[in-house]
Amino acid sequence: MKEAPEIMQLRTYTVRDGLLDEWVERWRSDVVPLRRKWGFEIGGAWVNRERNQFVWLISYKGPGTFEERNAQYWASPERKAAGLDPDDYLLHTEDRTVEQHY
């Protein structure tokens with residue numbers, strides 16, 4: 001039987017001028033460890049300096065759905081304690097759900 005393709009989200013964030021490097025550092029130090037703690041996997045992250053964008057790939061394979069686990073992550077006391085408000089850094093976000101086929 002063929003295994004179902006892995007579902008991931010490809011997230012593209014347009015960052016406020018002058019804050020791209022600071023955003024990357026905050027993402028690495030605050031977001032990545034907590035996402036991993038909640039069972040998410042980070043497939044990579046990239047910076048497009050020409051467009052002031054940050055692009056990353058996230059997936060989840062645990063109990064429940066991605067959406068359920070994502071809501072739990074955002075509601076967690078650890079997430080709130082991080083003191084990181086994405087609106088301070090991000091002008092626009094775009095999340096695309098994609099399937100891995102290769």
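## Strand pairing around β1

Two strands pair if DSSP finds at least two bridges between them, strands being DSSP runs of E with at least two residues and helices runs of H or I with at least four, numbered from the N terminus. In this predicted model, local features need pLDDT of at least 70 and side-chain atom pairs count only at pLDDT 80 or more, while totals for chains, interfaces and linings use all residues. Residues are numbered from 1 along each chain as its sequence is written, and side-chain values use heavy atoms, with hydrogens and water left out.

Strand β1 (residues 6–15) pairs antiparallel with β3 (residues 53–60) over seven bridges, and Tyr 13 stands opposite Phe 54 of β3. β1 also runs antiparallel to β4 (residues 90–100), to which 10 bridges join it, with His 92 in β4 as the bridge partner of Thr 14. Seven of the 10 residues of β1 are buried (under 20% relative accessible area, 1.4 Å probe, protein chains only).

## Nonpolar core

The largest nonpolar core, a set of buried Ala, Val, Leu, Ile, Met, Phe, Trp, Tyr and Cys residues joined through side-chain atoms within 4.5 Å, has 21 residues, and those with the most contacts inside it are Trp 23, Trp 27, Phe 40, Phe 54 and Trp 56. At least two residues of this core come from each of β1, α1 (20–37), β2 (40–48), β3 and α2 (66–75), and α1 gives the most, with seven.

Leaving aside residues up to four places away in sequence, Trp 56 touches (heavy atoms within 4.5 Å) several residues, including Leu 10, Tyr 13, Trp 27, Val 31, Arg 35 and Ile 42.

Terms used: Buried < 20%, exposed > 50% of the residue type's maximum accessible area, 1.4 Å probe, protein only.
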